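Open your viewer, get the sequence panel ready, and let's take a walk through this protein. At each stop you'll hear what to select and what you'll find there.

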Amino acid sequence: MKLRFLAAFLGLGLAVGALQSQAHHSFAAEFNADQPIKLTGIVTKVEWTNPHVWFYINVKDEATGEVTNWGAELGPPHGLQRRGWRRNTLAIGEQVTVEGFMSRNGSPRVNARNVTLAATGGAPGETLDADSSVNQ
């Protein structure tokens with residue numbers, strides 16, 4: 001009985017480890033370092049989770065007036081905290097400017113290199129390093 005329990009426990013551990021390794025990706029697999037982009041928009045959502053923090057902004061196309069919700073990938077929470085970020089640095093409704101790299105598949109996603117906060121929020125007017133995975 002103990003042997004079966006141990007085998008089941010180890011099998012579960014291996015399955016979870018495999019899922020986590022699939023969830024994490026290389027920069028080059030998803031983003032294009034040859035396609036830099038700069039976006040300014042309003043924060044709509046923040047996901048402060050491992051392995052990467054994500055936040056979303058509504059960006060208005062000045063030519064058409066169309067609003068697109070963009071996702072921005074940051075580094076892991078612990079890496080961001082070493083760079084001055086806190087869980088409340090980005091506030092819903094705050095304007096930010098993101099500089100980073102476009103997704104390879106053309107979807108509205110970006111790997112952020114740095115984020116400049118508007119005059120409100122956790123670090124007003126400051127540009128923070130987004131702990132981009134471009135060099136990892």
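**Stop 1: Trp 54**

Start by selecting Trp 54, which counts as buried because its relative accessibility is 15% (buried is under 20% relative accessible area, exposed over 50% and partly exposed in between, with a 1.4 Å probe and protein chains only). Before going further, know that this is a predicted model: local features need pLDDT of at least 70, side-chain atom pairs count only at pLDDT 80 or more, and totals for chains, interfaces and linings use all residues. Residues are numbered from 1 along each chain as its sequence is written, and side-chain values use heavy atoms, with hydrogens and water left out.

Trp 54 sits in strand β2. Strands (E, at least two residues) and helices (H or I, at least four) are DSSP runs, numbered from the N terminus. Now show what surrounds Trp 54: leaving aside neighbours within four places in sequence, its contacts include Phe 31, Lys 45, Glu 73 and Arg 109. Contact here means heavy atoms within 4.5 Å.

How many aromatic pairs does a search of the whole structure find? It finds 1. Add Tyr 56 to your selection: its ring centre and that of Trp 54 are 6.3 Å apart with the planes at 20°, so this pair is stacked. (Rings of Phe, Tyr and Trp, using the six-membered ring for Trp, pair if their centres lie within 6.5 Å; planes under 30 degrees apart count as stacked, over 60 as edge-to-face and the rest as tilted.)

**Stop 2: Asn 111**

Next, jump 57 residues along the chain from Trp 54 to Asn 111; their C-alpha atoms are separated by 9.3 Å. Asn 111 belongs to strand β5 (residues 109–117). Is Asn 111 buried or exposed? It is buried, with a relative accessible area of 1%.

Show the side chains here. Asn 111 makes a side-chain polar contact of 2.6 Å with Glu 73, and another of 2.5 Å with the side chain of Ser 132. (A polar contact is a pair of N or O atoms within 3.5 Å; within protein, one must be able to donate a hydrogen and the other to accept it, and residues adjacent in sequence count only if both atoms are side-chain atoms.) Beyond four places in sequence, Asn 111 is also in contact with residues including Phe 27, Phe 31, Gly 100 and Val 134.

Stay in strand β5 and pick Asn 114. Asn 114 is buried too, at 16% relative accessible area, and its contacts beyond four places in sequence include Val 98, Thr 127 and Asp 129.

**Stop 3: the cores**

Select Phe 55, Ile 57, Leu 74, Val 96, Val 98 and Val 115: in the largest nonpolar core, with 23 residues, these touch the most other members. Such a core is a set of buried Ala, Val, Leu, Ile, Met, Phe, Trp, Tyr and Cys residues joined through side-chain atoms within 4.5 Å. Colour β1 (31–47), β2 (54–60), β3 (67–73), β4 (95–103) and β5, since each supplies at least two residues of this core. The largest share, 4 residues, comes from β5. A second, separate core has 5 residues, among them Phe 27, Phe 31, Tyr 56 and Phe 101. In soluble globular proteins, nonpolar side chains tend to be buried together.

**Stop 4: two backbone oddities**

Find Pro 51 in the loop between β1 and β2. The peptide bond leading to Pro 51 from Asn 50 is cis, with omega near 5°.

Then go to Asp 131, in the segment after β6 (127–129). Asp 131 has a positive phi of about 55° although it is not a glycine, and at 8% relative accessibility it counts as buried.

**Stop 5: zoom out**

Switch to a cartoon view: you'll see 3 helices and 6 strands, in the order α-α-β-β-β-α-β-β-β along the sequence. Of the protein's 136 residues, 37% are buried.

Finally, colour by pLDDT, the predictor's confidence in each residue from 0 to 100. The mean is 83, and 76% of residues reach 70 or more. Look at residues 11–23, where pLDDT is below 50 and the model has 0 contacts beyond near neighbours in sequence. Where pLDDT is low, the predicted coordinates should not be read in detail.
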